[in-house]
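Notebook open. I want to go through the core, the pocket and the sulfur chemistry of this one.

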Amino acid sequence: MAGATADRRAPLAGIPSHDEAGRRLLRGIDLKRDWLYASTRAIEVDKAVRRDPRLTAAWDAWSRCVAEQGFTRYSDPVAAYTDTDWRRGRDGNTRHAQRERATATADAICKRRHRTAEIWHTVRAQKQAVDITRHRDRYAAGLQALRMYRTIIAGVLRTPA
């Protein structure tokens, strides 16, 4: 029976191992420098977005509005979403208790009244545009890596099995 176990782990003839397939798909792509660059910058851009005075003022107005309707004064909408009182399950859903639904209603009303989402997205878009302008070559390299990856995948898909 030992031979059967060994055979099961042996690669099938003509089929590359997982590592080989990964190397083939990422051939010529520098993961750290090019592929992950935009994701890494997104973290830094989001930090700048959270510090922007337009957004902090918008969050403050939203927070006061929610509190004025009798609910918790959250620091920002993310804090409201992640409130542990909602007892989020493993699947990300909550029990949708009456207080949670009422808070969500206040959240939506206040976001609309104070244009919170609009300001948030505007600030994020502006910060992203500035970052792309400052680091145009690095973003271009990331885009080229993505195009290369798509070309490699297209070639693999055209290759008969």
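Is Thr103 buried or exposed? Thr103 has 6% relative accessibility, so I put it down as buried (under 20% relative accessible area, with exposed over 50% and partly exposed in between, using a 1.4 Å probe and protein chains only).

Before going on, I note that this is a predicted model, where local features need pLDDT of at least 70, side-chain atom pairs count only at pLDDT 80 or more, and totals for chains, interfaces and linings use all residues. Residues are numbered from 1 along each chain as its sequence is written, and side-chain values use heavy atoms, with hydrogens and water left out.

**Thr103.** I find Thr103 in helix 7 (helices are DSSP runs of H or I, at least four residues, numbered from the N terminus). I looked up its contacts (heavy atoms within 4.5 Å): leaving out residues up to four places away in sequence, Thr103 touches Phe71, Tyr74 and Trp86.

**Core.** Next I checked the largest nonpolar core (buried Ala, Val, Leu, Ile, Met, Phe, Trp, Tyr and Cys joined through side-chain atoms within 4.5 Å). I get 9 residues there: Trp62, Cys65, Val66, Phe71, Tyr74, Ala80, Trp86, Ala106 and Cys110. Helix 5 (53-68) and helix 7 (98-114) each supply at least two of them, and helix 5 gives the most, with 3 residues. A second, separate core has 8 residues, among them Val45, Leu55, Ile119 and Val123.

I also followed Trp62. Not counting residues up to four places away in sequence, its contacts include Tyr74, Pro77, Ala80, Cys110 and His114.

**Disulfide.** How many disulfides are there? I count 1, taking a pair of cysteine sulfur atoms within 2.5 Å as the rule. Cys65 and Cys110 form it, with sulfur atoms 2.1 Å apart. Cys65 lies in helix 5 and Cys110 in helix 7, so the pair ties together parts 45 residues apart in sequence. The S-S torsion is about -75 degrees, so I log this disulfide as left-handed. Both Cys65 and Cys110 are buried.

**Pocket.** Last, I looked at the largest pocket (on a 1 Å grid over the protein atoms alone, an open set of points where a 1.4 Å probe fits, with protein on both sides within 12 Å along at least five of seven lines; lining residues have an atom within 4 Å of a point). It holds about 220 Å³ of space. Of its 14 lining residues, Ala80, Tyr81, Trp86, Glu100 and Ala104 are the closest to the centre. Helix 6 (77-81) and helix 7 are the elements giving two or more lining residues, and helix 7 gives the most, with 5.

Terms used: Points joined across faces, edges and corners; volume = space filled by probe spheres on them.
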